Amino acid sequence: MMSAAARANPASFKVIPSRLALAAEVLVARGGLILLATGLLVFLAVPLVMILIRSTENRDGVFIGLANFAQYLRSPSFGNSLTNTLQFSVTTTLVTVPLAFGFAYAIQRSRIPYKGLWRNIAMIPILAPSLLAAISFIYLFGNQGWLKFVIGWFGIKTIYGMPGMVLAMTFSSFPHALMILLAALALSDARLYEVAEALGTSEWRKFMTITLPGAKYGLVSACMVIFTMAVSEFGVPKVIGGNTAVLAVDIYKQVIGQQNFQIGAVVGLLLLLPAVVAYGIDHLVQRRAQALLTARSVPYQPRRARLRDSLLLAFVILISAALLLVVGMAAFGSLVKVWPYNLSLTLNHYTYGFEEAGLEHAYRNSLNMAVWCALLGSAVTFTGAYWLEKTRRDQTEGLNFLRPVIRFQAMLPMAVPGMVLGIGYILFFNHPSNPLNFLYGTMTVLVLSTVIHFYSSSHLTAVTALKQIDSEFESVSASLKVPFYKTFWRVTVPVCLPSVLDIFRYYFVNAMTTISCVVFLYSPKTTPASVSILQLDEAGAIGSAAAMATLIVVTSGMVTGVIFTLEWWLVRRTQAWRNTAQS
Amino acid sequence: MAYALELEGIHKAFGDFVALKSIDLTIESGELVCFLGPSGCGKTTLLRIIAGLERQTRGRVIQDGRDVSHAPPAARDYGIVFQSYALFPNLTIEQNVGYGLVNRRRARNEIKARVNELLTLVGLSAEGRKFPSQLSGGQQQRVALARALAISPHLLLLDEPLSALDAKVRERLRGEVRGLQQRLGVTTIMVTHDQEEALSMSDRIVVMNQGTIEQIGTPSDVYERPQTPFVADFLGKVNVLRATALGEGRYRAGTVELDLPVDGFAAGESVRIYLRPEDRHVEGDIASLPNRLTGKITAIDYLGTFCLAELACPGLGQPLLISYSLNQMHDLGVRTGNEIQFALRVDRVRVFAERAST
Ligand SMILES: Nc1ncnc2c1ncn2[C@@H]1O[C@H](COP(=O)(O)OP(=O)(O)OP(=O)(O)O)[C@@H](O)[C@H]1O
Ligand SMILES: [Mg+2]
């Protein structure tokens, strides 16, 4: 089989890379690491530090210690805002997580039909700005609400305030909790259930003693994520909060309304606190969860159970219908003349918005921003993760201390509410002596802040993808005298392309819908669509606000569809080598 | 003439954990040397240090007389095959094999000829257009080998190259890899924890344990003349008898006295006698031989062409494993419950002081 083929001139294929080539490779490895570290430093760490500094200065930039904190904490508005914020966040968490758990349980642990459909419907809120839900609930239960009488049954007088805020936030945060719980319930050891069955354990007892404890870490994680989202949510309270003051809106009023950056910085730090605590708890818990995952387990196959499946199906249909109702209401509201008095269909809200309220401009801005975020974000995140995880330590000798620093900074944005990041950006980029001052108010700064804001999840996706491919590609490449960056381009990128597209999609959709960070950074020229919804709502043009929100949903939905198709096509086209994973 | 490879005092620590302790080793040109040892003993780490993929804490690596201790992998002269093969999944077999040849300012047809030559060499000339995932494990292994050989390295490094294959394929490939290595005359280091593989393929074996070299020698050296209890224990099956030295080559195990051609222990010293199951006389005129024993067969481990019988010998105080060929089994009536007589064959027996034993 191995024939004695002639060994033609073997030495002739010997390759000795020049000193220059070796030096170039080292330079690329080091340069990439330095670039990444610098980028994260300038666009994440320094702005955050600026908040810390400014919170201890007076208006003239003189250090005054904790006087700003004392002033704010003593102000009558603080106690009120804090109570409201906590009530809002805790209630939203207590409503969302159980609903999402039920939904996830139905998908992963029952035999209900059309699971893919329900799952996709449940993801729709991700495509929408959180303001859309607020607008919809105003249409449904507001003063002229079509279903206003329903809230009366629950003794709620008006949707404006806590009830509306919680409802809208539940809609927006539902898919985020669902994704975590779907993953948590996907991992389960069938053998535990088999043992329990052999012992004649009742269904309820199995649920309490196996299912719930198994999903414990996912539940904690989901609670923390939802809590953090609600604490830092700005759009929902602004639109449907009525007179209910929350910390996030306070910041906005202080910074944008009164140009009081010091108090803004103080509130920003206070807002960072619960988020960091929640993130820290989640981090600790996840660390312990790792150990569970490494155990070899047999996937659980749910069996048919008539009653359980029917009840769960009813529940899933109910939730899906509610989610569709909320999106559909906004879309419908944007298409009728005068809700709810004249229901004849019209495109007036769209044409009015486009012709007179600058919506066309805002929509273009958002598209522009989303495309740039997606391009820049996916390129930087994936390349950065590669440089961080796959370059050889001996090539970056002396710089290896940067790796843990970068890793930490890459995960930091997850714990930083968008508003806090936004304030940091104002304080830093608007500083007269900052040479980067020219960026302030530009599209570039919107793009950069948004990329940073959504960096953590994308970074995790990239790292996961990189960890799944053979760890010796770089070693083989070095032994063949091929510089690592060529192998990155020829092998790593093509192999990981589906994940890169995922990151692209994630950035695009989030850039379309984000508001909390950019609301501090836009200029009249760069107003994004999500911010324009806020402005239209303030101006009382709720129809056009709904029109804009609908347009965003449709756009992110279409782009998501296109990218999914692209991924599907790509995987199909490359399945010759993708299909059977090699050992 | 310089050695193909010299390692001087290689030491490697990962934080507090010492993975390699002062490793000294020289390898001649054209040799196939196996690093053999249990999991975690540092074989891979040593191989990666030779490749420059891991940096030693102390010590020198000298290749063909050139000190490459601090050279990056690309400045060293070797080809490597990993346990996972690390074939690039999105490139065809041809592209994989030619991966190190492109960008070398070589004419396209020259590269193509070289790739074809290598694919022929490993018997895969018909598979060039396929992707790695479309080949069997054994074929993938040969592609990895061809890719490593493409750049005409002076040194070939193989990290458990056959361990991902099933037993049958593995046995066949042993011969093929060895044949290819001898034909090309390329100096080769192979890491394995499979002793059969090491014994059948190597010119020399480096037996490693917990970051140190226990013994370096030819396969028959390490199997027949193990220098340490670890080596005797690790390679093949062995009976370990607790005994007391009586001086002048006499030992007592239980109440049985044995006369062995091994001395150097003070009378009264506790020792362990290492005796392989095949080191026995079972046929012919046993009655006239020294170190005769009688045992009752308590269990038989049937292994096809031979068997291992567990014998309870009165006075010895510990069971003894003795091997019988299939024919001997039938001729001598080796059956559970039977009594059987045999004599120890002592020319290969090893004796170690108890404190040296593990
Ligand atoms: N990067 C590392 N950091 C810390 N410890 C390491 C690292 N690499 C290897 N080790 C440790 O060094 C020891 C030797 O590892 P090595 O991979 O060389 O073992 P091996 O002999 O090849 O074992 P195996 O047969 O399992 O492949 C092991 O205990 C391992 O845990
Ligand atoms: Mg190993």
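**Group meeting: a walk through chains A and B**

Okay, let's start in chain B: strand β16, residues 292-302, and strand β19, residues 339-344, run antiparallel and are joined by five bridges. If you want a pair to look for on screen, Gly295(B) sits opposite Ile340(B), which belongs to β19(B). And before I go on, please keep in mind that this is a predicted model.

Now stay with β16(B), since it has another partner to show you. Strand β17 of chain B, residues 306-312, pairs with β16(B) through six bridges, again in the antiparallel sense. Here the pair to find is Lys296(B) facing Ala312(B) of β17(B). So how many residues lie between the strands in the hairpin of β16(B) and β17(B)? There are three, and in this hairpin Gly304(B) has a positive phi near 90°.

Let's move to another sheet in chain B. Four strands make up an open sheet, and reading across you get β2-β1-β4-β5, with antiparallel pairing. Which strands stand at the edges? Those are β2, residues 17-27, and β5, residues 66-67; each has a single partner strand, so one side of each has no neighbour in the sheet. On the β5(B) side, two bridges tie it to β4(B), residues 58-63, and the two run antiparallel. You can spot the pairing at Ile62(B), which has Asp67(B) of β5(B) across from it.

Right, over to chain A. This one has 25 helices and two strands. Its radius of gyration is 26 Å, and the globule rule gives 25 Å for 583 residues, so chain A is as compact as a globular protein of that length. In terms of a box along the principal axes, the C-alpha atoms fill roughly 90 × 70 × 50 Å.

What share of chain A counts as buried? That's 54% of the 583 residues. Looking at contacts with a separation of 6 or more in chain A, 80% are between residues 24 or more positions apart. As for the surface, chain A exposes about 26,400 Å², with 66% of that coming from carbon and sulfur atoms. On charge, I count 42 positive and 24 negative side chains in chain A, and the centres of the two sets are 6 Å apart.

One last residue to click on: Leu94(A), in helix α3, residues 76-109 of chain A. Buried or exposed, then, for Leu94(A)? Its relative accessibility is 60%, so Leu94(A) counts as exposed. Thr170(A) is 76 residues away from Leu94(A) along the chain, and their C-alpha atoms are 9.6 Å apart.

Notes: Residues numbered from 1 in each chain as written. Chains lettered and ligands numbered in written order. Heavy atoms only, no water. Rg over C-alpha atoms; globule rule 2.2 N^0.38 Å. Buried < 20%, exposed > 50% of the residue type's maximum accessible area, 1.4 Å probe, protein only. Contact = heavy atoms within 4.5 Å. Areas by Shrake-Rupley, 256 points an atom, 1.4 Å probe, with all protein chains shown as cover. Lys, Arg positive; Asp, Glu negative; His and termini not counted. Charge placed at Lys NZ, Arg CZ, Asp CG, Glu CD. Pairing = 2+ DSSP bridges.
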